[in-house]
Structures are given as C-alpha cells and as structure tokens.
Amino acid sequence: NLLLPNSPYPYQWQGIKFLIDNDHALLADDMGTGKTVITTVAFKIFIQQAKIHHILILCPPSVLYEWKRHLDDWAPELTSYLIRSPQKEVRKSLWKTPMHVYVTTYDMLKGDIENSILSKGSLAHFDVVILDEAHHIKNMKSKRFRAIKQLQPKRRWALTGTPVQNKIEDLASIFEFVYPDYLTSFDLRPEQIKERIKPYFLRRQKKEVMPELPTKIPEIIELELDEEQDVAYRQAEAGIREELSALGDKVTKQHIFAKLTILKQICNFAPDRKSTRLNSS
C-alpha cells in the first residue's frame, strides 16, 4: 500500500532499508543520488506502520523548498510545514501545531531554542530528527551544534554528500549528533573512525550506482579578476603570507584552509562589492 509517484532505483531501496534498520544513521551518498527521496520514503514507511509520528528536518535555507517539493511529490498524505516566518508568534504557533513533518533551518531552530519559542518540552517531541547537509554542524563548539544537542529523538539520521570536508574531525562531529558519545577520543584516527562507524555509515558514489551516466567532461574556463578583486586579492595574499610566516612551524592545515577560504571568497566578490550587491538585491 506504499503509494509513490515513481519506483525508487534499487540502490535507493538499499538506502531506504539502511535508514529503516538503523536508529543512528549517516547517509553520505554523492550529491544527486536522491538522499532526500530515500529519506522521505523511509520515514513515510515508518509513519504508515505507526512507529513514528513527528519528524524534524533541519537544513540550510537553500534546500528548504527542495524538501517541501519532495514531500509534496513523495508523501502528499503527510502534513508538513516550513517553519521560516520572521514573526515569532507565527513560529511559536507552528511548533505547537500537530503535524507529521516540521522543516526549518539550523539557525532558525537555534534562535527559537535560545528565545524559548520552542519550549523545552517540545525538544523531546520529535521521533526522528534529520540533519540535511549535516556538515553544517561540523563545529562542535558552535551555538548551532549546542542547540541541536538539546533535541532528544530516538532516531537520528544525518545526510551529507561531503562527510569529510577538511579533516576527519568533521566526520566525528557529525557522528556526535548521529550517535552521541559513541566515538571516544581514542577513536579519532582515520582508520579507527571508519571501522567504528561502519555499521551506521553508508556512502555510494554516483558512478557506482548510476553507471549509465556519461563520463564527465571537465571544461576549465579561466576568468580574470576585476580591478577591485585584484587589489583585494593581492592585499589579502600579502597579509596571509606574513601571518603564516610568523607562525613558522606552528602552521597547520586548518590555518591554510581558513586562509584559502578568504582568497576564494574574494574570487567571488571583492569585499566591498559583495555587500553592495547583497544590499541592492
């Protein structure tokens, strides 16, 4: 009696089974393999079996409407709502409204917990909490991470196509949500982490599950920096060289990655130009 608009691919059924079989799960398939569909079908099955009643999905703002679209397509019988109103009273009312699926952003949840818009009693209201693009919680010292840690679901699922962005600790941070206190300080070596989380971790590459796709043909297009970017880039580069030289042997990969991020941002927009465009939009 599972009504679906399309039949999931075999590898997607494997992902659905993976989530259903695990209260703690990190689904790390490549981007574009349908993690949203896999997850929606998995909790739809649970709801039909009356094993769960309330789901919370946390994601960055860029994918809020993607979730709503998939929910409308793959589970139209479920009540769902995007909690994103700038009005506090509206959000407070929505948090109290019975529905199957609540979808909001990481920072909206953080703010609503900090401002008691989402009551402490409601933190245990959700049977399943799903983190989409879970690499957004890789900093365990952030207020965002601390807010999420207050949630008390029985089932914890995380989705990301990039479980390790810069360092293995990124994966450990995500797993601190997925399975709190499961990893210890003794598990923080790459091979130990991979072996320890293996039962709760599923990652498939697109080329493995969609072999019919044509081979990627990379095309490199070089763009010149405009005058403002060029000046800002050279100034930032000079300052970064001085900072790293001053650190000497204390320089770490994290220092370098952080500085590269600054240079990458300038390649998108010169600092002043960025704020001007944002304000005019």
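A nonpolar core is a set of buried Ala, Val, Leu, Ile, Met, Phe, Trp, Tyr and Cys residues joined through side-chain atoms within 4.5 Å. In this predicted model, the largest such core has 36 residues. The members with the most contacts inside this core are Leu56, Leu58, Trp95, Leu109, Leu131, Ile148 and Leu151. Two or more residues are given to the core by each of the strands β2 (55-59) and β5 (128-132), and likewise by the helices α4 (88-96), α5 (106-114), α6 (143-149), α7 (168-178) and α8 (190-197). Helix α7 supplies the largest share, seven residues. Apart from this core lies another, of 32 residues, which includes Ile16, Ile38, Ile47 and Trp74.

Leu58 offers a good place to start looking around the largest core. With its neighbours within four places in sequence left aside, Leu58 is in contact with Thr104, Thr105, Tyr106, Leu109, Val129, Ile130, Leu131, Asp132, Ile148 and Leu151. Among these partners, Leu109, Leu131, Ile148 and Leu151 also appear in the list of core residues with the most contacts.

Helix α7 deserves a closer look. Of its 11 residues, 10 are buried, so α7 is largely enclosed by the rest of the structure. The buried residues are Ile168, Asp170, Leu171, Ala172, Ser173, Ile174, Phe175, Glu176, Phe177 and Val178. What do these buried residues of α7 pack against? Their packing partners are the strands β1 (24-27), β5, β6 (155-159) and β7 (201-202), together with the helices α6 and α8. Beyond this helix, in the loop between α7 and α8, comes Asp181. This residue has a positive phi of about 65° although it is not a glycine. Asp181 is exposed, with a relative accessible area of 63%.

A positive phi is also found at Ser116, where the angle is near 60° in a residue other than glycine. Ser116 sits in the loop between α5 and β5. Its relative accessible area is 52%, so Ser116 counts as exposed, the cut-off being over 50%.

Another serine, Ser142, is found in the loop between β5 and α6. Is Ser142 buried or exposed? With a relative accessible area of 18%, Ser142 is buried, because that value is under 20%. Polar atoms of the Ser142 side chain come up to the backbone on two sides of the sequence. One lies 2.8 Å from the backbone oxygen of Asn139, and a polar atom of this side chain is 3.1 Å from the backbone nitrogen of Phe145.

Charged residues form a further part of the picture. Side chains of opposite charge can pair when their charged atoms come close. The model holds 14 salt bridges, and three of them are described here. Lys17 and Asp21 meet through their side chains, with 2.6 Å from N to O. Because they are four residues apart in helix α1 (residues 10-21), about one helical turn separates Lys17 from Asp21. Lys17 is exposed at 54% relative accessible area, while Asp21 is partly exposed at 47%.

The salt bridge between Asp23 and Arg155 has its closest N and O atoms 3.2 Å apart. This pair links distant parts of the chain, 132 residues apart, with Asp23 in the loop between α1 and β1 and Arg155 in strand β6. Asp23 is partly exposed, with a relative accessible area of 27%, whereas Arg155 is buried, with a value of 10%.

In the third example, the side chains of Asp112 and Arg91 are joined at 2.8 Å, N to O. Asp112 belongs to helix α5 and Arg91 to helix α4, so the salt bridge ties together parts that are 21 residues apart in sequence. Both Asp112 and Arg91 are buried.

Finally, attention turns to the surface. Ile256, Phe257 and Leu260 make a nonpolar surface patch of about 240 Å². Phe257 lies in helix α11 (residues 253-268). How accessible is Phe257, and which class does it fall into? Its relative accessible area is 35%, so Phe257 counts as partly exposed. Between the C-alpha atoms of Phe257 and Thr160, which are 97 residues apart along the chain, the separation is 20 Å.

Definitions and conventions:
Residues numbered from 1 in each chain as written. Predicted model: local features only at pLDDT ≥ 70, side-chain atom pairs only at ≥ 80, totals over all residues. Heavy atoms only, no water. Buried < 20%, exposed > 50% of the residue type's maximum accessible area, 1.4 Å probe, protein only. Contact = heavy atoms within 4.5 Å. Patch = residues over 30% accessible without salt bridge, like charges linked within 9 Å, V, L, I, M, F, W, Y side chains within 5 Å. Areas by Shrake-Rupley, 256 points an atom, 1.4 Å probe, with all protein chains shown as cover. Salt bridge = Lys/Arg side-chain N within 4 Å of Asp/Glu carboxyl O. Polar contact = N/O pair within 3.5 Å; in protein donor to acceptor, adjacent residues only side chain to side chain.
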